[in-house]
Amino acid sequence: MTRTPSRKVATVTPLRTQPAPVADPQQIAELAQQLTDGALNCREHRRHDWRPAQVTRQDYGYRRVEACDDCGSSRWQEMDSRGYLIKGGVNYSEGYLNPKGTGRVTVDGIAAYRLEAITRFLPGKRTRRAS
Ligand SMILES: [Zn+2]
C-alpha cells in the first residue's frame, strides 16, 4: 500500500479591515428573553463564575476543567508544569451564544441584558427561567 505523504497547508488569516458589526440592541433584547437566569447573569456582567471542576496530570503538565454554575458553560486549560497556559477553550452551554452573525455586543446590548434582568427579577414578576 502506497502512502500519500501528508502535506501541511499554511493558512493565513486576513487582517481585519472593518470593525466587527455591532449587534442590534433590539435583537439582543429579544435574545435576552430566551436566556436562563444564570446565562442572563453571565451575559449582563460579562463574566463567568469559573470554579475548578477537574484537574488531571498530563505529559505536558496539567489539564484543568472549570465550570460556571450560573450558565452551565465550562472551560478547559492545558498548562505546563509551571502553570503557563499552552492552550484552552470554552464549551458554552446550549443557548448561551448568540446566533452567528449577531454582531459584537456593545454597551447598548449590555443595557438590553440589564433591562431584561431588572424586569425579570422585579418583585411580583417572577418569571425566572431555570437552566
Ligand atoms: Zn457563566
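Which exposed residues does the face of α1 turned away from its buried side carry? They are Gln 26, Glu 30 and Gln 34. Exposed here means 12 or fewer other C-beta atoms within 10 Å of a residue's own, buried means 20 or more, and partly exposed is in between, with C-beta atoms placed from the backbone.

A quick note on the model: it's predicted, so local features need pLDDT of at least 70 and side-chain atom pairs pLDDT 80 or more, while totals for chains, interfaces and linings use all residues. Numbering starts from 1 along each chain as its sequence is written.

Now for the helices, which are DSSP runs of H or I with at least four residues, numbered from the N terminus.

| Helix | Residues |
|---|---|
| α1 | 25-34 |
| α2 | 37-45 |
| α3 | 107-120 |

On α1, the buried residues are Ile 28, Leu 31 and Ala 32. They sit on the same side of α1 because they cover an arc of only 105° around the axis, taken over the directions from the helix axis to the C-beta atoms. Their cover includes α2 and α3.

Those three also belong to the largest nonpolar core, which has 12 residues, Cys 68 and Tyr 113 among them. Such a core is a set of buried Ala, Val, Leu, Ile, Met, Phe, Trp, Tyr and Cys residues joined through C-beta atoms within 7 Å. Two or more core residues come from each of α1, α2 and α3.

Over on α3, Val 107 counts as exposed because it has 8 C-beta neighbours inside 10 Å. Its C-alpha atom is 9.1 Å from that of Pro 25, 82 residues apart along the chain.

Terms used:
Contact = placed C-beta atoms within 7 Å.
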